[in-house]
Amino acid sequence: MIRFREARTKGKETLMRKTRFTAGLLTFSLLLAASAIAGNTNKATLKVSETVSVGGKQLRAGTYRVEWAGSGSNVELSIIDGRETVAKVPAQILPLEKAEAASGYSTTTDQAGNKALTEIFFGGKKYQLSIGEASAATATPSDNRPASN
């Protein structure tokens with residue numbers, strides 16, 4: 001009778017170990033899947049040395065966090081100051097033939113002298129973000145690159 005109880009206890013311990021292992025494996029898989037989903041957002045830093053507009057909003061000189069998400073080349077770009085999203089605009093990821101030497105941005109100037117953000121490029125990356133109406137432009141690097149990050 002004693003041996004029967006010992007055998008049953010060992011069986012329960014083995015079952016508990018297998019259950020813990022399975023639960024741990026399941027938890028790890030869920031965390032891995034969640035990080036893969038969250039990994040679809042790209043992030044970078046944008047340093048603006050002058051007041052520029054983007055999506056109808058004014059960005060004062062300063063450092064901003066930029067994040068973009070989407071599938072394919074069309075993305076939604078968010079420009080964030082601290083915890084506040086300053087602007088959300090459509091953008092397009094444009095491939096470049098060679099990686100940029102430094103990070104920075106491009107602007108256009110209207111007749112009134114107001115500057116609008118048109119591109120953001122990243123040092124060491126073979127792509128740039130073309131913003132809003134400018135996203136229909138080609139991937140040819142612009143000559144109007146007044147600032148770098």
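Over which residues does pLDDT stay under 50? In this predicted model, that stretch is residues 134–146, and the model still has 25 contacts beyond four places in sequence for them.

Confidence elsewhere is worth a look before you lean on any detail. Averaged over the protein chain, pLDDT comes to 79, with 69% of the residues scoring at least 70. Among the elements, the two ends of the range are strands, listed here:

| Element | Residues | Mean pLDDT |
|---|---|---|
| Strand β4, highest | 62–69 | 95 |
| Strand β10, lowest | 147–148 | 49 |

Now for the overall layout. The protein chain has one helix and 10 strands. Starting at the N terminus, you meet the helix, and after that the order is β-β-β-β-β-β-β-β-β-β. Take the contacts between residues at least 6 apart in sequence: 49% of them join residues at least 24 apart.

What about the surface? Of the 149 residues in the protein chain, 29% count as buried. The chain exposes about 10,200 Å², and carbon and sulfur atoms supply 54% of that area.

For a closer look, try the hairpin made by β7 and β8. Strand β7 covers residues 104–109 and strand β8 covers residues 115–121; they pair in the antiparallel sense, over six bridges. One spot to find on screen is serine 106, whose bridge partner in β8 is glutamate 119. Five residues sit between the two strands, and in that turn glycine 113 has a positive phi of about 90°.

Conventions:
Residues numbered from 1 in each chain as written. Predicted model: local features only at pLDDT ≥ 70, side-chain atom pairs only at ≥ 80, totals over all residues. Heavy atoms only, no water. Helix = DSSP H or I, 4+ residues; strand = E, 2+ residues; numbered from the N terminus. Buried < 20%, exposed > 50% of the residue type's maximum accessible area, 1.4 Å probe, protein only. Contact = heavy atoms within 4.5 Å. Areas by Shrake-Rupley, 256 points an atom, 1.4 Å probe, with all protein chains shown as cover. pLDDT = per-residue confidence, 0-100. Pairing = 2+ DSSP bridges.
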